[in-house]
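The exercises below ask you to read the overall build of a chain and then one group of its aromatic rings. Each task is followed by a worked solution.

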Amino acid sequence: MSKEGFELTHSMMLINGFLGEVVGLENVLGEFSYNFAVYGTPDVRAPWGWQLYGHHCAVNCLVVEGRMTIAPVFHGAEPNEIDAGPHAGLRSFDDRVDAGTDLIACMSENQRAEAVIYDEIVDPAMPEGRIHPGDERHLAGAFQDNRVIPYEGVQVATLDARAQEAVVDLVATFLNILPEGPRRAKVREVREHLNESYFSWIGGTEPGDVFYYRFQSPVLIIELDHHCGVFLDYDVPQRFHVHTLMRVPNGNDYGRAWVRQWQRRTDGRVESNTR
């Protein structure tokens, strides 16, 4: 991962440990209550990858023939700030929250009306099942690998240049988990598909409001949602409980499409990386 990606991921682990101390579950919620796995053998050409998985943190990386994808990625925090102890002052997700509010503020009144698909984060107009018991408003959450999600909201192509750059800035707060080279490649790919991209919003648009947003394109899906309490006691979404998701649609979650391409070209043969 990039330096920023490592720091964010480690922050999720530190906050998890802090939450365990707050609720008295240190044996379950700890800084190191995570599993790490390596798949395959690190190689210049043949596919291999790794996974970090645990509460509020799931990161999947695949490398093949010089290309890297880190997806799906789930980062979450309850609370999103440590206010006591040796890591007091550590906060997470301010950049992603602020990028969302900056983008919605860039839009005209008509564009904002198109982007906001529900006015309230728990809206009576929502159909049955729109709020998932665990993932709440997320559509690309757990067990939703390569789910086909209908586009909603405002089409990015209809936004002015300033708002379109705000879209790219928002996406960049998620893609900064990638090292510099793969990050540049992914940003370029996102820009190439901006005209086919959509942005949707649920909830209030005033300062301090809780909300959900989703950027969706043929090459990337990102979501941010403010959640209700799980280990802490509150039953309406709060700004200090944040879940964020990033996936690669159209078959490339976990780099599966790249692996299939490599298999077709090589019949699955592993070439030596020592020559």
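Contact here means heavy atoms within 4.5 Å. The model is predicted, so local features need pLDDT of at least 70 and side-chain atom pairs count only at pLDDT 80 or more, while totals for chains, interfaces and linings use all residues. Residues are numbered from 1 along each chain as its sequence is written, and side-chain values use heavy atoms, with hydrogens and water left out.

**Exercise 1.** Determine what share of the contacts in the chain with a separation of 6 or more comes from residues 24 or more positions apart, and set the radius of gyration against the value for a compact globule.

*Solution.* Begin with the contacts: residues 24 or more positions apart account for 60% of those with a separation of 6 or more. Next, take the radius of gyration over C-alpha atoms and apply the globule rule, 2.2 Å times the number of residues to the power 0.38. For 275 residues the rule gives a value near 19 Å, and the chain has 19 Å, which agrees. Finally, the C-alpha trace spans about 60 × 50 × 35 Å along its principal axes.

**Exercise 2.** State how much of the chain is buried and describe the surface that it exposes.

*Solution.* Buried means under 20% relative accessible area, exposed over 50%, and partly exposed in between (1.4 Å probe, protein chains only). By this criterion 51% of the 275 residues count as buried. The accessible area, from the Shrake-Rupley method with a 1.4 Å probe, comes to about 13,500 Å² for the chain, and carbon and sulfur atoms supply 51% of it.

**Exercise 3.** Classify the ring pairs that Tyr 213 forms with Phe 199 and with Trp 201, and locate each of these residues in the fold.

*Solution.* Rings of Phe, Tyr and Trp (its six-membered ring) pair if their centres lie within 6.5 Å; planes under 30 degrees apart count as stacked, over 60 as edge-to-face and the rest as tilted. The structure holds 8 such aromatic pairs. Phe 199 and Tyr 213 lie 5.7 Å apart, centre to centre, with 35° between the planes, and form a tilted pair. This pair links Phe 199 in strand E7 (residues 198-203) to Tyr 213 in strand E8 (residues 211-216), 14 residues apart, where strands are DSSP runs of E, at least two residues long, numbered from the N terminus. For Trp 201 and Tyr 213, the centres are 6.2 Å apart and the planes at 25°, so the pair is stacked. Trp 201 lies in strand E7 and Tyr 213 in strand E8, so this pair ties together parts that are 12 residues apart in sequence.

**Exercise 4.** Are Phe 199 and Tyr 213 buried or exposed, and which residues do ring pairs link into a cluster?

*Solution.* Phe 199 and Tyr 213 are both buried, and the relative accessible area of Tyr 213 is 0%. Trp 201 is also buried, with a relative accessible area of 0%. Ring pairs join Phe 199, Trp 201, Phe 211 and Tyr 213 into a cluster.

Conventions: Helices (H or I, at least four residues) and strands (E, at least two) are DSSP runs, numbered from the N terminus.
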